[in-house]
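Q: Please give a close account of the pocket in this model and of the side-chain contacts in the rest of the chain. A connected explanation would be preferred to a list.

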Amino acid sequence: MTSSAPLAGRRGGYRKGEESRQRLLEVALREFGRVGFTAATTRAIAQAAGATLPSLQYYFGGKEGLYRACAEEIATRFVAMTQDAADGAAQALQAGGGDLRDQLKRTMAAVARAMTGADSAGLWGAFVSRELLEPGPGFDVMLEKLFAPGIELIAAMVARIQGRDAVDEAARIRAMLMIASLTAFQSGRTVALRVFGWDDVGQSQLAAITAALDAEIDAL
C-alpha cells in the first residue's frame with residue numbers, strides 16, 4: 001500500500017506557497033500604489049508580507065516581475081468582475097439583435113461596481129492612477145488585457161446604437177469619457193465622499209451613479 005503522506009505534504013506545501021505568493025502581491029499592490037515603482041523596494045515588500053527576499057525572487061523574479069504581476073492581478077480581478085456583462089454585450093453585437101442600450105447599461109453598471117468597490121478604490125486605485133500618469137512596467141499589461149478591450153467593447157456598442165457599424169474615433173472618445181467619469185468615485189473617492197456627504201460608496205450610492213450612467217446612455 002502506498003502512503004498518501006507525501007502527496008498530502010506536497011499539497012500542503014503548494015497551498016502555503018500560493019498563500020505566500022498572494023500575500024506578497026497584496027502588499028506589493030499597496031506599496032507600489034503608495035510610493036510608485038521607483039521608490040518601492042522588494043526588501044520592504046517582503047518584510048511587510050512576512051516573506052523572505054529569496055522567496056519573492058523565486059515567485060516573481062525581481063521587482064519588475066512583481067510589478068507586472070500586480071498589473072496582471074488587477075486585470076484578472078477586474079475582468080472576472082465584469083465578465084458576464086461583457087460576454088452578453090459581445091454576443092449581442094455578434095448576433096446583431098437585442099437591445100444594445102440595455103447591454104451597454106448592464107456593462108457600465110458592472111464596470112461601475114468594479115471601479116467603486118473597496119478593493120478597486122483602495123487596493124487598486126492608487127496603483128492604476130500612478131500607472132496612467134507615469135507608465136511603468138505594468139502599463140502594457142493593463143492596456144492589452146484591460147483598457148483597450150474595455151474601450152473597444154463599449155465603443156462598439158456606442159457606434160451601433162448611433163447607427164454606425166464600424167467603431168470610429170467619436171465612439172472611442174465617448175467610451176473613454178464614460179469610463180473616465182467613474183474614476184471620480186475611485187481615485188477621486190475622497191473628494192466625492194466629501195462633496196456628496198456620503199460615508200461610503202454603498203448600494204444606494206452605486207444605484208445613483210448607475211442611474212446617471214443610464215440617463216447618459218438613453219441620450220445617445
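A: From the N terminus on, the elements of the chain follow the order α-α-α-α-α-α-α-α-α-α. In this predicted model, the secondary structure therefore amounts to ten helices and zero strands, counting as helices the DSSP runs of at least four residues. Taken along the principal axes, the box filled by the C-alpha atoms is roughly 65 × 50 × 35 Å. The chain has 220 residues, of which 43% count as buried.

The pocket may be considered next. Rolling a probe the size of a water molecule over the atoms shows where empty space is left. The largest pocket found in this model has a volume of about 800 Å³. It is lined by 33 residues, and those closest to its centre are Phe-78, Leu-146, Phe-147, Ile-151 and Ile-179. Five helices each supply at least two residues of this lining: helix 4 (63–95), helix 5 (100–116), helix 6 (118–133), helix 7 (139–161) and helix 8 (169–181). The largest share, eleven residues, comes from helix 7. Sorted by class, the lining of the largest pocket comprises 21 nonpolar, ten polar and two charged residues.

Helix 7 also contains Ile-161. Ile-161 has a relative accessible area of 18% and is buried, because the limit for that class is under 20%. In sequence Ile-161 and Leu-104 are 57 residues apart, whereas their C-alpha atoms are 9.4 Å apart in space. Another pair gives a second reading of sequence and space: Gly-188 and Ala-159 are 29 residues apart in sequence, and the C-alpha to C-alpha distance is 29 Å. Gly-188 is placed in the loop between helix 8 and helix 9. With a relative accessible area of 18%, Gly-188 is buried.

The charged side chains come next. Side chains of opposite charge can pair when their charged atoms come close. Eight salt bridges are present in the structure. In one of them, Lys-145 pairs with Glu-72, and the closest N and O atoms are 2.7 Å apart. Since Lys-145 belongs to helix 7 and Glu-72 to helix 4, this pair ties together parts that are 73 residues apart in sequence. Helix 7 and helix 4 are also among the helices that supply residues of the pocket lining. As to solvent exposure, Lys-145 counts as partly exposed at 40% relative accessibility, and Glu-72 is partly exposed with a relative accessible area of 28%.

A further salt bridge joins Lys-105 and Asp-218, with 2.8 Å between the closest N and O atoms. Lys-105 lies in helix 5 and Asp-218 in helix 10 (residues 203–218), so the contact ties together parts that are 113 residues apart in sequence. The partners fall into separate accessibility classes: Lys-105 is buried, with a relative accessible area of 19%, while Asp-218 is partly exposed, with a relative accessible area of 44%.

Arg-189 and Asp-200 form another such contact, at 2.9 Å from N to O. Here Arg-189 is in helix 9 (residues 189–196) and Asp-200 is in the loop between helix 9 and helix 10, so the parts tied together are eleven residues apart in sequence. Arg-189 counts as buried at 13% relative accessibility, whereas Asp-200, at 42% relative accessibility, counts as partly exposed. In addition, Glu-26, Glu-73 and Arg-77 are joined into one network by salt bridges that share partners.

The aromatic side chains complete the account. The count of aromatic pairs comes to eleven, with ring centres within 6.5 Å as the rule. Phe-32, Phe-37, Tyr-67 and Phe-127 are linked by ring pairs into a cluster. Phe-37 has a charged neighbour as well: Lys-63 lies over the face of the Phe-37 ring, at 4.8 Å from the ring centre.

Technical notes:
Residues are numbered from 1 along each chain as its sequence is written. This is a predicted model: local features need pLDDT of at least 70, side-chain atom pairs count only at pLDDT 80 or more; totals for chains, interfaces and linings use all residues. Side-chain values use heavy atoms; hydrogens and water are left out. On a 1 Å grid over the protein atoms alone, a cavity is a set of points where a 1.4 Å probe fits but cannot get out, and a pocket is an open set with protein on both sides within 12 Å along at least five of seven lines; lining residues have an atom within 4 Å of a point. Grid points are joined across faces, edges and corners, and a volume is the space filled by probe spheres set on the points. Ala, Val, Leu, Ile, Met, Phe, Trp, Tyr, Cys and Pro count as nonpolar, Asp, Glu, Lys and Arg as charged, and the others, Gly among them, as polar. Rings of Phe, Tyr and Trp (its six-membered ring) pair if their centres lie within 6.5 Å; planes under 30 degrees apart count as stacked, over 60 as edge-to-face and the rest as tilted. A charge sits over a ring if NZ of Lys or CZ of Arg is within 6 Å of the ring centre and within 35 degrees of the ring normal. A salt bridge is a side-chain nitrogen of Lys or Arg within 4 Å of a carboxyl oxygen of Asp or Glu. Buried means under 20% relative accessible area, exposed over 50%, partly exposed in between (1.4 Å probe, protein chains only).
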